[in-house]
Amino acid sequence: MRILNFGSLNIDKVYSVDHFVRAGETILCTDMNIFCGGKGLNQSVALARAGAEVYHAGAIGTDGEMLREQLAASGAHLDYLQTLDMPSGHTALQVTPDGQNCIIVCAGSNARLTEDYIDSVLAHFGAGDMMLVQNEVNNVPYIIRQAKARGLKVAFNASPITASILSYPLELVDYYLVNETEGRTLSGCDVTDYETILATLHEKFPAAAIVLTVGSDGVLYQCGDERYAHGIYRVQAVDTTGAGDTFCGFFLASLAKGLSVPQALENASLASALAVSRAGACDSIPTWAEMEAFAKTAQAK
């Protein structure tokens with residue numbers, strides 16, 4: 001099974017500051033670093049490192065060569081990645097000494113996916129393939145409709161969650177990959193009980209597989225009468241950034257390999273535990289071999 005990811009690509013500019021800048025204030029940063037980011041890029045990297053045949057579709061700007069190089073180095077196919085004469089998507093992050101952050105996101109080239117471009121990419125895929133999309137690019141409803149019309153399985157990581165998502169053709173989604181906050185919004189139930197959120201999502205989208213990650217409580221899954229749960233693994237947490245993207249990539253890659261859902265949940269949980277034990281987002285994503293090695297010594301909580 002090939003996986004087509006219509007995904008965002010961002011240049012993350014991270015500024016270390018003593019405190020968040022206030023209105024009318026000019027401050028000096030103590031350090032500045034540039035990283036590859038975007039949920040789409042992270043998930044394609046995770047898919048590729050997990051051994052999936054992943055094709056990344058999306059747009060970078062003339063400043064985005066580092067994003068292309070990161071995807072290529074991880075093994076993602078870039079046949080359909082386009083370069084536009086404009087800036088790439090980017091973020092500006094202020095990070096304080098105690099780890100607090102505030103973020104400005106500029107969509108840049110991520111918001112320039114045209115219907116003609118989407119159609120031209122999807123023309124190369126069909127039944128037996130899967131399409132993954134997040135909510136960091138434009139034209140998501142069109143992408144979902146056209147992918148489904150061509151017979152692809154549709155996986156949707158509904159992040160970042162926005163009010164507009166509720167107007168998307170959600171009934172066409174085959175796999176929902178959401179955390180408890182996203183699941184609560186999609187379900188429409190204002191509760192904190194995970195089982196209630198899962199049951200409501202299943203009732204609302206009975207034809208879909210629901211993958212609900214619930215932080216330190218692990219993950220819940222339901223599709224039809226099939227229900228599974230999996231816990232997390234004991235690691236020294238260093239940085240949780242990118243853990244959800246790692247989980248998403250390893251879960252879908254496991255399914256693409258023909259593994260069972262319980263195996264996919266286990267592999268994704270192992271990989272995301274490894275990711276949080278390392279610094280960074282993209283850089284923290286393990287390979288399949290690293291995940292398998294970790295599985296031999298991992299201890300579940």
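Me: Contact here means heavy atoms within 4.5 Å. On that basis, what do the buried residues of α4 pack against?

Reply: Note at the outset that this is a predicted model. A general point about helices comes before the case. An α-helix has 3.6 residues a turn, so residues three or four places apart point the same way. Helix α4 spans residues 140–149, and its buried residues are V140, Y142, I143, I144 and A147. They pack against four elements: strand β1 (2–6), helix α3 (115–122), strand β8 (130–133) and strand β9 (153–156). Just past the end of α4, G151 has a positive phi of about 90 degrees.

Me: Several of those partners are strands. What is the order of the strands in the open sheet?

Reply: The general idea is short. Strands of a sheet pair through backbone hydrogen bonds, either parallel or antiparallel. In this model, nine strands form an open sheet in the order β5-β4-β1-β8-β9-β10-β11-β12-β13, and the pairing is mixed. The edges are β5 (81–83) and β13 (226–230); each has a single partner strand, so one side of each lacks a neighbour in the sheet. From one strand to the next, the twist averages 15 degrees.

Me: In which sense do β12 and β13 pair?

Reply: Antiparallel. Strand β12 covers residues 219–223 and is joined to β13 by five bridges. To find the register in the viewer, start from Y221, which stands opposite Y228 in β13.

Me: Which helix lies across β10 and β11?

Reply: That is α5, residues 180–187, which runs at about 120 degrees to β10. The strands under the helix are β10 (175–179) and β11 (209–213). One residue of α5 to inspect is S187. At 9% relative accessibility S187 counts as buried, because the cut-off is under 20%. Leaving out residues up to four places away in sequence, S187 touches I197, T200, L201 and K204. As a check on distance, S187 and N157 are 30 residues apart in sequence, and their C-alpha atoms are 14 Å apart in space.

Me: Which strand pairs with β2 in the parallel sense?

Reply: Strand β6 (residues 89–95) does, with seven bridges to β2 (residues 10–16). Y15 and Q94 of β6 are bridge partners. Strand β6 also pairs with β7 (residues 101–106), here antiparallel and through six bridges. In that pairing T91 stands opposite V105 in β7. Five residues lie between β6 and β7 in the hairpin they form, and G99 in the turn has a positive phi of about 90 degrees.

Me: Now helix against helix. At what angle do α8 and α9 pack?

Reply: The idea is to compare the directions of the two axes. For helix α8 (residues 261–276) and helix α9 (residues 288–295) the angle is about 95 degrees, with the axes 9 Å apart. An angle of 65 to 115 degrees counts as roughly perpendicular, and α8 and α9 are therefore described that way. The contact involves N267, L270, A271, A273 and L274 from α8, and W288, E290, M291, F294 and A295 from α9. By class, the residues of this contact are eight nonpolar, one polar and one charged.

Me: How many salt bridges does the count come to?

Reply: Seven. To read one, look for a side-chain nitrogen of Lys or Arg within 4 Å of a carboxyl oxygen of Asp or Glu. Take D129 and R2, whose side chains meet with 2.7 Å from N to O. D129 sits in the loop between α3 and β8 and R2 in strand β1, 127 residues apart, and the pair thus links distant parts of the chain. D129 is buried at 7% relative accessibility, whereas R2 is partly exposed at 23%.

Me: Which residue forms a salt bridge with K148?

Reply: D174 does, with the closest N and O atoms 2.8 Å apart. D174 is in the loop between β9 and β10, while K148 belongs to helix α4, 26 residues away. The relative accessible area of D174 is 13%, which makes it buried; K148, at 29%, is partly exposed.

Me: And which residue forms a salt bridge with E290?

Reply: R278, with 3.4 Å between the closest N and O atoms. R278 lies in the loop between α8 and α9, and E290 in helix α9, 12 residues apart. R278 counts as partly exposed at 24% relative accessibility, and E290 as partly exposed at 33%. E290 is also one of the α9 residues in the contact with α8.

Terms used. Residues are numbered from 1 along each chain as its sequence is written. This is a predicted model: local features need pLDDT of at least 70, side-chain atom pairs count only at pLDDT 80 or more; totals for chains, interfaces and linings use all residues. Side-chain values use heavy atoms; hydrogens and water are left out. Buried means under 20% relative accessible area, exposed over 50%, partly exposed in between (1.4 Å probe, protein chains only). Helices (H or I, at least four residues) and strands (E, at least two) are DSSP runs, numbered from the N terminus. Two strands pair if DSSP finds at least two bridges between them. Axes are lines fitted to C-alpha atoms, for helices over the stretch in contact, and angles run from 0 to 180 degrees between N-to-C directions. Angles under 35 degrees count as roughly parallel, over 145 as roughly antiparallel, 65 to 115 as roughly perpendicular and the rest as oblique. Ala, Val, Leu, Ile, Met, Phe, Trp, Tyr, Cys and Pro count as nonpolar, Asp, Glu, Lys and Arg as charged, and the others, Gly among them, as polar.
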